[in-house]
Amino acid sequence: MSAGTISVAIALGVAAGLLAGLFGVGGGILFVPTLLGLGLGQLDAEATSLLAILPTVAAAVWRQSSYGNVRWRPALWLGLSSIAGVQLGVVVATSLSEDVLRRLFGVLVLAVAVQLT
């Protein structure tokens, strides 16, 4: 990846983050199309967007636990059950074509747009 591509990716990431914060939508709604524009396929763009959530989650858990706001037992159950959900999601996503994934993502974007209005 060239330095120019990295600069564009950083600028687009910052812009998408600002817009997501201003509109109160999940960042993936903006990050996935951005990653598609940078040349990733639909499956890779969605997976990368989901992976990008992990540092935010880790920081939030660390901060909220210092306030005593984390209920560890339910969090553990939710985390463990999420592993099964992720595995199921991978099976479903990899069994679908890029076109079907793109269309399903489009439906999600339309649903979010309706909710914002």
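**Entry 1: helix α2**

I began with helix α2, where I29, V32, T34 and L35 are buried. I then looked up what these side chains face, and found that the buried residues of α2 pack against α1 (3-23), α3 and α6. I note here that I am working on a predicted model, and that every value below is computed from it.

I took T34 as a single case from this helix, since T34 is found in α2. Its relative accessibility comes to 17%, so T34 counts as buried, the limit being under 20%. Leaving aside residues up to four places away in sequence, I find T34 touching L12 and A16.

**Entry 2: the end of α2 and the loop after it**

I followed the chain past the helix and noted that α2 is followed by G39, which has a positive phi near 105 degrees. L38 has its place in the loop between α2 and α3. Is L38 buried or exposed, or does it fall in between? I read a relative accessibility of 30%, and therefore L38 counts as partly exposed. Its contacts, again without residues up to four places away in sequence, are V8, A9 and L12. As a distance check I took L38 and G79, which are 41 residues apart along the chain, and their C-alpha atoms are separated by 31 Å.

**Entry 3: the whole chain**

I stepped back to the overall make-up, and counted 6 helices and 0 strands in the protein, so that, by the run of elements along the sequence, the pattern reads α-α-α-α-α-α. Taken along the principal axes, the C-alpha atoms fill a box of roughly 40 × 35 × 35 Å. Of the 117 residues of the protein, 12% count as buried. The protein exposes about 8,500 Å², and carbon and sulfur atoms supply 73% of that area. I also looked at how contacts are spread along the sequence: among those with a separation of 6 or more, 46% come from residues 24 or more positions apart.

**Entry 4: L108 and I29**

I chose one pair with a long sequence separation to look at in detail. L108 is found in helix α6, and I29 is among the buried residues of α2. The two are 79 residues apart in sequence, while their C-alpha atoms are 8.3 Å apart in space. With a relative accessible area of 42%, L108 is partly exposed, because that value lies between the 20% and 50% limits.

**Entry 5: helix α4**

Does the length of α4 agree with its residue count, or disagree? I took 1.5 Å a residue for the 14 residues of α4 (residues 53-66), which should span 20 Å, and the end C-alpha atoms are 20 Å apart, so the two values agree. Just after α4, I noted that G68 takes a positive phi of about 80 degrees.

**Entry 6: the largest pocket**

Rolling a probe the size of a water molecule over the atoms shows where empty space is left. I looked up the largest pocket and read a volume of about 370 Å³. The residues lining it are L43, E46, A47, L50, V86, G89, V90, V92, A93, T94, L96 and L101. Which helices supply at least two residues each of this lining? I find α3 (42-51) and α5 (72-95), and α5 gives the most, with 6 residues. Sorted by class, the lining of the largest pocket has 9 nonpolar, 2 polar and 1 charged residues.

**Entry 7: the second largest pocket**

I went on to the second largest pocket, in which about 270 Å³ of space lies. It is lined by 14 residues, and of these G27, G28, S49, L50 and I53 are the closest to its centre. At least two residues of the lining come from each of α2 (28-37), α3, α4 and α6 (98-116), with the largest share, 4 residues, supplied by α2. By class I have 8 nonpolar, 5 polar and 1 charged residues in the lining of the second largest pocket.

From the residues closest to its centre I picked S49, which lies in helix α3. S49 counts as buried because its relative accessibility is 8%. Not counting residues up to four places away in sequence, S49 touches G28, F31, V32 and L35. Two of these names return me to my first entry, where V32 and L35 are listed among the buried residues of α2.

Key
Residues are numbered from 1 along each chain as its sequence is written. This is a predicted model: local features need pLDDT of at least 70, side-chain atom pairs count only at pLDDT 80 or more; totals for chains, interfaces and linings use all residues. Side-chain values use heavy atoms; hydrogens and water are left out. The expected span of a helix is 1.5 Å times one less than its number of residues. On a 1 Å grid over the protein atoms alone, a cavity is a set of points where a 1.4 Å probe fits but cannot get out, and a pocket is an open set with protein on both sides within 12 Å along at least five of seven lines; lining residues have an atom within 4 Å of a point. Grid points are joined across faces, edges and corners, and a volume is the space filled by probe spheres set on the points. Ala, Val, Leu, Ile, Met, Phe, Trp, Tyr, Cys and Pro count as nonpolar, Asp, Glu, Lys and Arg as charged, and the others, Gly among them, as polar. Buried means under 20% relative accessible area, exposed over 50%, partly exposed in between (1.4 Å probe, protein chains only). Contact means heavy atoms within 4.5 Å. Accessible areas come from the Shrake-Rupley method with a 1.4 Å probe; for residues, only the protein chains shown count as cover.
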